[in-house]
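User: Please pick one part of this model and take a close look at it. Then walk me through how it connects to the rest, in short sentences.

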Amino acid sequence: MREEIIVRVGAKILAPFIITFALYVHFHGDYSPGGGFQAGVILAAAFALLALVYGLDEVQRVLPPRFVRGCAALGVLIFAGAGVATMALGHGYLAYNAFAYDPAHPEGGQHYGILLVELGVLVTVFGVMVSVFYLFAGRGRREDPQ
Amino acid sequence: MLLTLLAATAFGLVRVRNLFAVVMLAGVYSLLSAGLFTVMDAVDVAFTEAAVGAGISTVLFLGALALCGTRESKPVHTPILPLFVVCLTGIALVYGTMDMPPFGDASNPVHHHVADHYLEESEHEIGIPNVVTSVLASYRGYDTMGETTVVFAAAVGVMILLARGRRRTREDAPGEGSASPPTGGRSTRETPR
């Protein structure tokens, strides 16, 4: 698909909007449908689109396979780390009230806690989806002499 | 209407022998399911279905097709025994639903265990309008953490499976090269070098 100019330009124009939309889905998940999981999938889809159009190598220059594998593990760490952080602040595991800046309104911390753990979900799902895509897409080229 | 389209798509899925068409129909099926979920006010589920089912998994299926060709081989067995098993399972499942409470009844137990509390109190306790998010990330935070770990574990499994194949083909590349299945015509992912 290297010569299809409409596809190439279209993908290039769409990709930033898809990535922005993924961030919107994540940060607006409290108010509208969506959340970390959906955002991670959409983010991965943006890079899958770029890889389909521009080739796997170009995308792997931006997102090395090692990096996305690290993302998959990092997300779980963020999620579990949020729980450890609430414990360090003297609350239960994953009791987000610990993040409240105003002790009179403990539920204020829920917002940040949810955003943090959803970020963990986002990073894991993104890393997993892109890694699996790399593995599938990279297999067909095994016979290349190189 | 949506259900009719869904059934038509499923029928097409079974009949069509061209795997490329099957992948596309599977994507259509996911998109129709997403529409159905939206009609039933389950927008979060619909969102996920549209993104995963119609988006990513279609791409992954295409990646698999590029490896194994796009024609489905003819079945070698007669479909009588499978048909019998499927019918029997279907009857058993329908029989199982006899004991279920009526669909959509507001007095069903599932709507009165913790759902009332979540719907009424989450505005105070969590302070965000989307109840799905507050249940998912706060009330059921442990579950979501487990799910995240499961996703991670699944990816590790896929990596172990596929990465091992890669090493073996590299070791005995000459023999493997001729034995591997020919790549299909629609291998969009194969970048020319």
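Analyst:
**One leucine and its surroundings**

Leaving out residues up to four places away in sequence, Leu19(B) touches Leu65(B), Gly69(B), Thr70(B), Arg71(B) and Glu72(B). Keep in mind that this is a predicted model.

Where does Leu19(B) sit? It belongs to helix 2 of chain B. Is Leu19(B) buried or exposed? It falls between the two: Leu19(B) is partly exposed, at a relative accessible area of 22%. The cut-off explains the label, because buried requires a value under 20% and exposed a value over 50%. Leu19(B) can also be placed by distance. It is 42 residues from Phe61(B) in sequence, yet the two C-alpha atoms are 9.6 Å apart in space.

Now widen the view to the helix pair. Helix 2 of chain B covers residues 19-39, and helix 3 of chain B covers residues 43-68. Their axes lie 7 Å apart, and the packing angle is about 175 degrees. Helix 2 of chain B is therefore roughly antiparallel to helix 3 of chain B. The reasoning is short: an angle over 145 degrees counts as roughly antiparallel.

Which residues make the contact between these helices? From helix 2 of chain B come, among others, Leu19(B), Phe20(B), Val23(B), Met24(B) and Phe37(B). From helix 3 of chain B come residues including Val43(B), Ala46(B), Glu49(B), Phe61(B), Leu62(B) and Leu65(B). So our starting residue is part of this contact, and so is its neighbour Leu65(B). The residues of this contact divide into 15 nonpolar, 6 polar and 1 charged.

Next comes the link between the two helices. Asp41(B) is in the loop that lies between helix 2 and helix 3 of chain B. Asp41(B) is not a glycine, yet its phi is positive, at about 70 degrees. Asp41(B) is exposed, with a relative accessible area of 69%. That contrasts with Leu19(B), which is partly exposed at 22%.

Step back to the whole of chain B. It has 8 helices and 0 strands. Read from the N terminus, the pattern is α-α-α-α-α-α-α-α. Of its 193 residues, 25% count as buried. Take the contacts with a separation of 6 or more: 50% of them join residues 24 or more positions apart. Chain B exposes about 12,800 Å², with 69% supplied by carbon and sulfur atoms.

One residue takes us from chain B to chain A. Thr133(B) lies in helix 6 of chain B, residues 131-139. At 2% relative accessibility, Thr133(B) counts as buried. What does Thr133(B) contact, leaving aside neighbours within four places in sequence? The list holds Gly29(A), Asp30(A), Gly34(A), Ile114(A) and Glu118(A), along with Ile128(B) and Ser138(B). Thr133(B) can be placed against Asp44(B) too. The two are 89 residues apart in sequence and 9.0 Å apart in space, C-alpha to C-alpha.

Now look at chain A itself. It has 5 helices and 0 strands, in the order α-α-α-α-α. Of its 146 residues, 48% count as buried. Among contacts between residues at least 6 apart in sequence, 61% join residues at least 24 apart. The exposed area of chain A is about 7,000 Å², and carbon and sulfur atoms supply 68% of it.

Chain A offers a helix pair to set beside the one in chain B. Helix 1 (residues 5-27) and helix 2 (residues 36-54) of chain A have axes that come within 8 Å and cross at roughly 170 degrees. These two helices of chain A are therefore roughly antiparallel to each other. Helix 1 of chain A passes helix 2 of chain A in a left-handed crossing. Ala11(A), Ile18(A) and Phe21(A) are among the residues that helix 1 of chain A brings to the contact, while helix 2 of chain A brings residues including Ile42(A), Phe47(A) and Leu50(A). The residues of this contact divide into 18 nonpolar, 3 polar and 2 charged.

One last stop is Thr86(A). It is found in helix 4 of chain A, residues 65-88. Thr86(A) is buried, with a relative accessible area of 0%. Beyond its neighbours within four places in sequence, it contacts residues including His91(A), Tyr93(A), Leu94(A), Tyr96(A) and Phe99(A).

Methods
Residues numbered from 1 in each chain as written. Chains lettered and ligands numbered in written order. Predicted model: local features only at pLDDT ≥ 70, side-chain atom pairs only at ≥ 80, totals over all residues. Heavy atoms only, no water. Axes fitted to C-alpha atoms, helices over the stretch in contact; angles between N-to-C directions. Helix = DSSP H or I, 4+ residues; strand = E, 2+ residues; numbered from the N terminus. Parallel < 35°, antiparallel > 145°, perpendicular 65-115°, else oblique. Contact = heavy atoms within 4.5 Å. Nonpolar A, V, L, I, M, F, W, Y, C, P; charged D, E, K, R; others polar. Buried < 20%, exposed > 50% of the residue type's maximum accessible area, 1.4 Å probe, protein only. Areas by Shrake-Rupley, 256 points an atom, 1.4 Å probe, with all protein chains shown as cover. Left-handed = near helix turned anticlockwise from the far one by under 90°.
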